[in-house]
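Trainee: I would like a close look at a single part of this model, the place where the two domains meet. Please set it in the context of the whole chain.

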Amino acid sequence: MVDDVTLHNAWHPVVRAQDIKEGLLTPIRLLGEDLVLWRSKDEIIACLDLCPHRGASLSLGQVEDNTLVCPYHGLAFDNKGECVKIPAHPNLPPPKRACVQTYLTQERYGLVWITLGNPTQDIPTFFAWDEPNFSSVFCGPYHFKSSGCRVVENFLDVAHFPFVHEQVLGSRLHPVVNDYEVDFEADGITLRNVMVWQPNPDGTEQAGSSVYHYRVLRPLTACFSKNTQSGCLTIFFTVTPVEEEECIAWMLLAMNYSSDIPEAEQRAFQDRIVTQDIPIVESQRPKRLPLDLQAEFHLPCDRASVAYRKWLKQLGVTFGTI
Ligand code: FES
Ligand SMILES: [Fe+2]
């Protein structure tokens, strides 16, 4: 068990639900643990990828009769992780310890979410998901060899747009970041009125300022929205903490106006942005986010990241931080 109680008890997205196919075993890594996912009838089962008998990887086994069969000696485990078959001793009742650790799972927003502990909060809400006038585009997964906290902080950082995303989200001719409002509460952080100069803020090729709003909902989930002349564009951004210095980002893009840009093109645009972010974020040292505010200096435009670091510290997030 990781000693980060906050992330241990949180829900984490791990894989697209459509990728968990019947009869298939999907190994994943979350918070430094190896897990395996499989479908039993209608539910998705997550368990430790470790056979309690001799420690073989269960993900090398197979699904048979709604059980997970270990590749080594064929012990079969049901959807509760209990051993229901010992091929070498068909008449022996399975020992008590012949039990695989299972974890709670949920499917939401097209993703499978897992918690390793006892969650005190549900999966964060993406307000646009169930709104009939919003349509969504799924983007990702994006792999980063860095801490999930670094990646979320980068998502909240607009001062890098003119440099990392020049001519896409910003311009070096307009690098100034005006003051914006930060509300810092126990359940999250809100950033209001973040002004960003953009070469093409709403697809009409008319350069101008956009106003961004952000809400940090969980240590590794944030929501961004901007209102343009056409309507509201919002992004739900959530990150899987794979290792302390490795993570996967997922993005749900939603808008309440009809865009004639095909989905594939919208996805390609986000892919391009994230591809620009990855080498910069991966280059940041230390890879783990420093929560000691004295460790780096901060500018007025960094007030979002200062609030984020303070909040993580308050929550006791240690995985991916120093
Ligand atoms: S190691 Fe799994 S059945 Fe023996
Ligand atoms: Fe970026």
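Mentor: What follows goes from the whole chain to the domain contact, and then to single residues and strands.

This is a predicted model, in which local features need pLDDT of at least 70 and side-chain atom pairs count only at pLDDT 80 or more, while totals for chains, interfaces and linings use all residues. Residues are numbered from 1 along each chain as its sequence is written, and chains are lettered from A and ligands numbered from 1 in the order in which they are written.

The protein chain has five helices and 17 strands (DSSP runs numbered from the N terminus: helices are H or I with at least four residues, strands are E with at least two). Its radius of gyration is 22 Å, close to the 20 Å that the globule rule gives for 322 residues, so the chain is as compact as a globular protein of that length. That radius is taken over C-alpha atoms, and the globule rule is 2.2 Å times the number of residues to the power 0.38. Along the principal axes, the C-alpha atoms fill a box of roughly 75 × 45 × 30 Å. Of the 322 residues, 37% are buried; a residue is buried if 20 or more other C-beta atoms lie within 10 Å of its own, exposed if 12 or fewer, and partly exposed in between, with C-beta atoms placed from the backbone. Among contacts with a separation of 6 or more, 55% join residues 24 or more positions apart (a contact means that the C-beta atoms, placed from the backbone, lie within 7 Å).

Now the domains. The assignment gives domain 1 (5-115) and domain 2 (135-315); such bounds come from an automatic or database domain assignment. Their C-alpha centres lie 34 Å apart. Domain 1 brings 13 residues to the contact and domain 2 brings eleven. On the domain 1 side, H1, E1 and strand E2 (26-30) each supply at least two residues, and the largest share, three residues, comes from E1. By class, that side has eight nonpolar, four polar and one charged residues. Here Ala, Val, Leu, Ile, Met, Phe, Trp, Tyr, Cys and Pro count as nonpolar, Asp, Glu, Lys and Arg as charged, and the others, Gly among them, as polar.

Ala10 is placed in the loop between helix H1 (5-8) and strand E1 (12-16). With 26 other C-beta atoms within 10 Å, Ala10 is buried. Leaving out residues up to four places away in sequence, Ala10 touches Thr115, Pro119 and Arg218. Pro119 is 109 residues from Ala10 along the chain, yet their C-alpha atoms are separated by 5.4 Å.

Arg218 leads on to E14, since strand E14 covers residues 208-218 and pairs with strand E13 (residues 188-198) in the antiparallel sense over eight bridges. Two strands pair if DSSP finds at least two bridges between them. In the E13 pairing, Val196 stands opposite Ser210. E14 is also joined to strand E15 (residues 221-227) by six bridges, again antiparallel, and Tyr214 has Phe224 as its bridge partner. E14 and E15 form a hairpin with two residues between them.

The largest nonpolar core has 84 residues, of which Leu37, Val112, Ala222 and Ala249 touch the most other members. Such a core is a set of buried Ala, Val, Leu, Ile, Met, Phe, Trp, Tyr and Cys residues joined through C-beta atoms within 7 Å. Strand E17 (residues 246-255) gives the most to this core, nine residues, and at least three residues come from each of the two domains. Not counting residues up to four places away in sequence, Ala249 touches Gly140, Pro141, Tyr142, Phe144, Val151, Phe237 and Val239.

Another part of the chain shows an open sheet, with four strands in the order E5-E6-E7-E8 and antiparallel pairing. Strand E5 (62-64) and strand E8 (83-85) are at the edges with a single partner strand each, so one side of each is left without a neighbour in the sheet. E5 pairs with strand E6 (residues 67-69) over three bridges, and Gln62 stands opposite Val69. Pro52 lies in the loop between strand E4 (43-48) and E5. Pro52 is partly exposed, with 18 other C-beta atoms within 10 Å, and its contacts beyond four places in sequence are Arg97, Ala98, Cys99 and Val100.

Note on methods:
Two residues are in contact if their C-beta atoms, placed from the backbone, lie within 7 Å.
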